[in-house]
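Let's take a walk through a protein model together. Keep the sequence and the 3D view open as you read.

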Amino acid sequence: MHPFSYTRVKEANTAITTVAQDAAISFIAGGTDLIGLIKDGVQTPKQLVDINSLPLAEVEVDTENNIRIGALAKLSDVASYPTVQKYYPVISEAILESASPQLRNMATVGGNLLQRVRCNYFRDPVFPCNLRNPNTGCPAVEGYNRMHAILGTSEHCIATHPSDLAVALMALDAVVCIRGKTVQRRVPLNNFYLLPEDTPHRKNVLEHGELIVAVEVPYFSWFNNSHYLKIRDRANYEFALVSVAIALEVEKDIIKSARLALGGVGTKPWRCQEAEMVLQGQPINEATFTTAAEAALVGAKPLEYNQFKIDLAKRAIIRAVSTVVARKRE
């Protein structure tokens with residue numbers, strides 16, 4: 001393993017200043033992804049700055065039930081938080097479909113949103129990869145790409161974003177709160193992640209040294225009518241082939257509002273606003289669900305081994321919408 005030094009800090013300013021001074025210095029919290037990358041030689045930091053002592057692990061709810069989740073909150077704590085379970089079940093369900101209980105007890109919200117892609121070519125330094133070394137190529141395009149993206153791809157990268165939680169948060173209009181050396185900013189999650197285009201090594205808008213401090217989710221009463229569906233090769237400890245985060249406002253068998261995001265198919269958590277517009281104002285029936293599913297996959301660009309994801313995603317959307325409607329009617 002590449003040698004590195006280790007520093008534990010107790011103040012956010014100290015952490016940010018330390019990391020910002022050198023591109024080879026990294027934050028570490030749960031470390032459930034980073035340590036594996038270091039072991040594999042994919043990342044070679046010269047120093048790790050442990051931020052676990054920062055006061056960023058609280059889950060807070062205001063008087064209007066908007067929720068603020070600290071970046072260092074453990075996934076298991078968020079999933080079991082009563083307000084999350086009651087008003088944002090899609091978040092709890094997405095977390096419980098992630099990883100394993102042991103990892104959920106260690107992994108943090110901020111780290112989960114920032115985890116690196118699970119592309120085998122990226123994680124094996126033997127292969128060239130534009131994410132590791134820009135302009136060296138993407139062997140997945142012509143290689144074994146069954147797990148790769150069909151939406152938001154470019155010739156430079158087709159890796160899917162691996163987070164389940166990010167898909168749920170994307171559907172709920174979450175905002176990422178960021179702190180840097182001189183500024184603090186709030187970025188809608190839909191704008192936080194970047195498409196690969198010509199710069200696949202830039203996966204999000206964070207500048208080096210900036211720190212995610214919290215995620216804020218607005219409250220709408222109908223967000224409690226939400227669901228996360230994950231389709232994968234095995235029942236546990238596996239990344240999504242396709243996942244669906246859905247929330248519906250239903251009144252008298254009419255869908256008044258909808259939020260829909262997909263995982264496992266996009267180079268970032270994929271918000272399906274066209275499908276949301278199709279659902280809005282329409283009657284609850286299979287024709288409506290099918291039309292929305294078709295709209296969600298417009299623009300998909302499958303490759304040799306992942307063409308099945310188009311039909312699988314459409315079927316998953318129909319199933320997820322049907323599940324939420326059925327819950328509402330109970």
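**Cysteines, cores and a helix**

The structure holds 0 disulfides, a disulfide being a pair of cysteine sulfur atoms within 2.5 Å. Cys138, for instance, is in no disulfide: the nearest cysteine sulfur belongs to Cys157 and is 5.5 Å away. This is a predicted model, in which local features need pLDDT of at least 70 and side-chain atom pairs count only at pLDDT 80 or more, while totals for chains, interfaces and linings use all residues. Residues are numbered from 1 along each chain as its sequence is written, and side-chain values use heavy atoms, leaving out hydrogens and water.

Now look inside. The largest nonpolar core (buried Ala, Val, Leu, Ile, Met, Phe, Trp, Tyr and Cys residues joined through side-chain atoms within 4.5 Å) has 44 residues. Buried means under 20% relative accessible area, exposed over 50%, and partly exposed in between, with a 1.4 Å probe and protein chains only. Val217 is among the residues with the most contacts inside this core. A second, separate core of 32 residues includes Ile231, Leu279, Ala293 and Val325.

Finally, find helix α12, residues 308-329; helices here are DSSP runs (H or I, at least four residues) and strands are too (E, at least two), numbered from the N terminus. Which residues of α12 are buried? They are Lys309, Ala313, Lys314, Ala316, Ile317, Ala320, Val321, Val324 and Val325. Seen down the axis of α12, the directions to their C-beta atoms fall within an arc of 165°, so these residues line one face of the helix. On the other side of α12, Arg315 and Arg329 are exposed.

How values were computed: The expected span of a helix is 1.5 Å times one less than its number of residues.
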